[in-house]
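Here are my notes for you, set out as numbered points. Please keep the structure open beside them and look up each residue as you go.

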Amino acid sequence: MADPLIAPHSSLFRKYFRALFAAAVVPLLIAGGSEAWFGYHDQRARLNDLLNAEARFAAVNIQDFIEGIRDQLVWTVQLPWSDDTGERRRLDALRLLRQAQAVENLSLVDATGRERLFVSRIGLNRIESGDDHSEKPAVIGARSDRIWYGPVTFHDGSEPFMTVAIAGNRSADGVAVAEVNLKFIWEVISGIRVGRTGEAFVLDRPGRLVAHPDISLVLRADEIAQRPLQTLRAAILARPGQAAAGQDISGTTVLAAMVQIPGVNWSVIVKQPIAEAFGPIYAALWRTGALLIAGAALAAMLAYWLTQRMVGPIQLLEEGVARIGAGQFDHRINLATSDEFERLATRFNEMASELAVSQERSERISRLKRFLAPQIAELIDRTGDDSVLDGRRVEVVVVFCDLRGFTAFSVRAEPETIMAVLREYYDALERVVSAHEATLINFSGDGAMVLVNAPVAVSDPALRAVNMAGDMQRSVQKLLAHWRALDHQLGFGVGLAMGPATVGRIGSEGRLDYSAIGSVVNLASRLCSSADDSQILIDRVTAQAVRSSIPLVELDARTLKGFDEPVPVFSAVI
Amino acid sequence: MRRRDFIALVGSAMAWMTPAGAQTMPVIGYLGSETPERYSSRLNAFRSGLAEAGYAEGRNVAIEFRWAEGQYSRLPALATDLASRQINVLVAAGGAEVALAAKSATATIPIVFEMGGDPIALGVVDSLSRPGGNLTGVSSLSVEVSRKRLEFMREVRPGTNVFAVAINPTSPTSHSQLKNLRAAADSLGVELVVLKASNEQEFDNMFTTVHETHAGGLVFSSDPYFAYRSQQLAALAVRHAVPAMTQSRDFPLAGGLMSYGGDFAQSHRHTGIYAGRILKGEKPADLPVQRVTKVELFINLKSANALGISLPPSILSSADGVIE
């Protein structure tokens, strides 16, 4: 019984919590999980569209930058070279430098590939230098394709430049070759923002950084540091049209999309940190997490409340059952929960009261059985009335019996033998007494006293008593025959008398016996004492009562101790 | 509100509550070769660059200034003095002398320089893309374009073949500039009169020599000493009626004829941005030396008229700023 209340408490709580968790949290988990899953896919598709659109927008801006320079250059190669156009072309070229800030140098080459004019922001201008440029890749490239974009070169290992050459419609128009400072793309590229922190950058064909909002990354021209960007580009190229995840130079994981610019073969890439891009998903996950925690807390609270509602009545019931079990049948379980618990408590209370009744009855039976035949005890119990045991005066038949020669036997025999003989003897007597619904009042040594018609009234007590005496004789004589064979010389005599006697419970609080008091008791006792072996001596009252049914032999009247006159004695023949 | 924003808000609120001058505020040491007055337009540009990087003097950054007041010999001592203080970054702006003085004063405190000329040739850094060490900065194109000034002057004064050039012999770039100018004079087919001036007393004499040699104009080599004295030089040019050209737009603004040089507003602004980025934790070694992208031609039409010069269309169409 060590802490019987604690263990079920925690176990019930756990059961309830599991059940409620399954009911509340699992659906939440499923809902949240599917929301996150579908949200992720939707967001991924949305980001794909957004980043692709931003990449196209950025590419258009970069392309505008390049085309702006090209458009400026086109003006310088619209007329064929002649000797008188020199000054006008010089003004045009200076104006071009003014218009196109990114152009650092411009040289104009005539149809023969000779440099006719060179203007520069930094270096000295040259007029009619006549240098042969016909073998330069820019001039050859422009002649064959009309427009030629040179590779990106980094001046002093730092500043990105590109040569753009453009040829006129006719070969006589010559070629314009411009050196373009690509740092000017910074203004274009830094104006592009994707979301809050997303940005765009440009890689040239070999994968070198040409433009980036942080111009110092471009100027550093660090190809090793730029490798993640090339990896990122490769990832996008592997799945064209899809945004791809990768890392930027700072190691941030980004989602990026790309558009190629034809002609220069540059890649314009827009990127957005994945943490920002998937911000809404993360927010949804946080919400789901919060709901999960709230759900779990609610489940725990409900489980606690329900358990408390269960455990209180259960404890009361348990305690009540324990007390009833321990014999407190007057204990009542008080529960007013108006549910199954209350019904159960009522049942327990009913059980307790029935147990009380049953125990009282069994106590009484065991009390009665001490001196009544079991049938009589049961009868008294059934009637529920033990007033039959109250003292009163009633006509009874008193039967005494004892063994002849027992004292001599008991001196001679071993105690075990004596006990065995007495056990057999009383077993036989008891069986007979019970069979005749008589009452074994007491036995001492080899003698016993039996009462008929008290405490329970029976019909024709005299006849019943004589028949019983006969049965006694027969039973005991059988035993005697057996004992004689064992060389125990014993006999058995019975005496009975009928008459009024006072019967009832006699004794102290601790020891209570049912007995009869009156001269009839003495008479029966004396008759027994004077009976020989196998003899049943009967007084006159009994004899008169049974004369018609039992053959009797009238013996000589005997003088018995305690009786003044000789008493008529009859012997029942059986 | 996002958590990061919230933390930032709390952080800025705490910064706001901290009393001014608390030790948490970073300190910029600023080394200048002249006086705050001569630097004022450059300081404005520097401060706007700092603001672009998120810093404002007195609010979240303190600036310690040291001025050499034109005496370059004082620069090393001033630089050492700054380096011995608890400064987070040393800004050495306004010339190679300042950058070199800062470089020799400390090898640990990050230095952001602003200068004309080639930082590699002058030994300030080893590489533009990876400056290494504790220096980075901005280089203007003024020194490279000295010869362009001679070309412009020749264009404005087509009738003459003799031009005077002003050189400050104490400048670390004077040799290379003179060499460039001589080569340019050769290819332009003009003669040079080289005038040397390293202090203000020599200025007056310089302008009278222009007249004496019948030079068509006076072209100043790129030198901070001249650039900071644009107003003084412009006044002298007006007084002596000499067509002259310097690197700084301050000169035509003050009445001189022309200027051609790197955009100092851009270069000083970038210096401010770099100082801010270093305060935010970037290393100078990771910040490449930037060269300004813009070279600007300023002309003063009023001065041209006063000098009786009619500016050719090539100049007028090329000008970034025309003062009328």
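**Notes on strands, helices and hollows**

1. Let us start in chain A, where strand S4 (residues 147–149) and S6(A) pair in the antiparallel sense over three bridges. Two strands count as paired if DSSP finds at least two bridges between them, and the elements themselves are DSSP runs numbered from the N terminus: helices (H or I) of at least four residues and strands (E) of at least two. Within this pair, A:Tyr149 stands opposite A:Val164 of S6(A).

2. A word on the ground rules: this is a predicted model, in which local features need pLDDT of at least 70 and side-chain atom pairs count only at pLDDT 80 or more, while totals for chains, interfaces and linings use all residues. Residues are numbered from 1 along each chain as its sequence is written, chains are lettered from A and ligands numbered from 1 in the order in which they are written, and side-chain values use heavy atoms, with hydrogens and water left out.

3. Stay with S6(A) a little longer. Strand S5 (residues 153–155) of chain A also pairs with S6(A) in the antiparallel sense, over three bridges, and A:Thr153 has A:Phe161 as its bridge partner. S5(A) and S6(A) form a hairpin with three residues between them, and A:Asp156 in the turn has a positive phi of about 55°. Seven bridges join S6(A) to strand S7 (residues 175–181) of chain A, again antiparallel, with A:Ile166 partnered by A:Ala176.

4. Why is strand S6 (residues 159–167) of chain A described as largely enclosed by the rest of the structure? Eight of its nine residues are buried, so the rest of the structure largely encloses S6(A). Buried means under 20% relative accessible area, exposed over 50%, and partly exposed in between (1.4 Å probe, protein chains only).

5. Now move to chain B and trace an open sheet of six strands in the order S2-S1-S3-S4-S5-S11, with parallel pairing. Its edge strands are S2 (62–67) and S11 of chain B, each pairing on one side only. Six bridges join S1(B) to S2(B), and B:Gly32 has B:Trp67 as its bridge partner in S2(B).

6. Two helices to find against strands of chain B are H3(B) and H11(B). H3(B) lies across S1, S2 and S3 of chain B, at about 175° to S1(B). H11(B) lies across S1, S3, S4, S5 (135–140) and S11 of chain B, at about 165° to S4(B). Contact here means heavy atoms within 4.5 Å; axes are lines fitted to C-alpha atoms, for helices over the stretch in contact, and angles run from 0 to 180 degrees between N-to-C directions.

7. Chain B also has an open sheet of seven strands, ordered S7-S6-S8-S9-S10-S12-S13, with mixed pairing. The edge strands are S7 (191–196) and S13 (321–323) of chain B, and the twist averages 20° from one strand to the next. S6 (residues 162–167) and S8 (residues 218–220) of chain B pair in the parallel sense over three bridges, with B:Val165 partnered by B:Val219.

8. Which residues lie closest to the centre of the largest pocket? The largest pocket has a volume of about 800 Å³; of its 28 lining residues, the closest to the centre are A:Trp186, A:Pro213, A:Ile215, B:His270 and B:Ile273. H11(B) gives the most to this lining, with six residues. On a 1 Å grid over the protein atoms alone, a pocket is an open set of points with protein on both sides within 12 Å along at least five of seven lines, a cavity is a set where a 1.4 Å probe fits but cannot get out, and lining residues have an atom within 4 Å of a point. Grid points are joined across faces, edges and corners, and a volume is the space filled by probe spheres set on the points.

9. Finally, look for the enclosed spaces: there are six cavities of 30 Å³ or more. The largest cavity has a volume of about 260 Å³ and is lined by 25 residues, with B:Gly94, B:Gly116, B:Ser140, B:Pro224 and B:Gln247 nearest its centre. The second largest cavity holds about 170 Å³, and its 14 lining residues include A:Leu97 and B:Phe152. H2(A) gives the largest share of that second lining, three residues.
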